[in-house]
Amino acid sequence: MDTKAFRISKTDLRIRPIYHRLQRRIEAHICIAFCAYKIFKELERLLKEKKAGLSPEKAIDILKTIYKVTITLPYSKTNESRLFLPNEEQRTLLKLFQIT
């Protein structure tokens with residue numbers, strides 16, 4: 001892992017050392033850290049490709065503020081879900097990735 005990848009994993013992804021004794025747990029930890037790094041880099045690539053003007057860190061911060069509310073209707077017993085998007089940044093980011 002290069003130094004930039006190490007910095008990303010330590011700061012942006014908040015990956016910290018975890019001490020495992022079993023080989024399969026060590027491998028699983030490395031796999032999860034690597035997958036998180038690859039997802040972060042893919043987000044970075046997509047934001048650049050779409051000319052979003054956002055860093056991956058900012059996009060993640062915006063996404064953390066989106067909530068989904070699910071209610072069960074009392075008579076029909078069906079579930080209804082809605083995204084709670086109170087600000088324009090959230091709506092813009094979801095439209096950018098064609099989520100809404």
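**Notes on a four-helix, two-strand model**

1. Let's start with Q90, whose contacts (heavy atoms within 4.5 Å) take in I62, T65, I66, F84 and L85, leaving aside residues up to four places away in sequence. One of these partners has a polar link too: the side chains of Q90 and T65 are joined by a polar contact of 2.6 Å. A polar contact here is a pair of N or O atoms within 3.5 Å; within protein, one must be able to donate a hydrogen and the other to accept it, and residues adjacent in sequence count only if both atoms are side-chain atoms.

2. Before going on, a word on where this comes from. This is a predicted model, where local features need pLDDT of at least 70 and side-chain atom pairs count only at pLDDT 80 or more, while totals for chains, interfaces and linings use all residues. Residues are numbered from 1 along each chain as its sequence is written, and side-chain values use heavy atoms, with hydrogens and water left out.

3. Now the layout. From the N terminus, the order of elements is α-α-α-β-β-α. Helices (H or I, at least four residues) and strands (E, at least two) are DSSP runs, numbered from the N terminus. Of the 100 residues, 17% are buried, where buried means under 20% relative accessible area, exposed over 50%, and partly exposed in between (1.4 Å probe, protein chains only).

4. Is Q90 buried or exposed? At 1% relative accessibility, Q90 is buried. Q90 sits in helix 4, residues 88–96, where L93 and L94 are buried as well. Looking down the axis of helix 4, the buried residues fall within an arc of 95° (taken from the directions from the helix axis to the C-beta atoms), so they line one face of the helix. Their cover includes helix 2, helix 3 and strand 2.

5. The two ends of helix 4 are worth a look. At its start, a side-chain oxygen of N87 comes within 3.1 Å of the backbone nitrogen of E89. After helix 4 comes Q98, with a positive phi near 55°.

6. Which residues make up the largest nonpolar core? They are L43, L47, A59, I62 and L93, five residues in all. Helix 2 and helix 3 each supply at least two of them. A nonpolar core is a set of buried Ala, Val, Leu, Ile, Met, Phe, Trp, Tyr and Cys residues joined through side-chain atoms within 4.5 Å. L47 also touches residues outside that set, among them A52, L54, P56, L96 and F97.

7. On to the strands. Strand 1 (residues 67–72) and strand 2 (residues 79–84) run antiparallel, joined by six bridges; two strands pair if DSSP finds at least two bridges between them. I71 stands opposite E80 of strand 2. The two strands form a hairpin with six residues between them.

8. Finally, two lysines in loops. K77, between strand 1 and strand 2, has a positive phi near 60° and is exposed, with a relative accessible area of 61%. K51, in the loop between helix 2 (23–49) and helix 3 (56–63), has a positive phi near 50° and is exposed at 73%. For background, most residues other than glycine have a negative phi.
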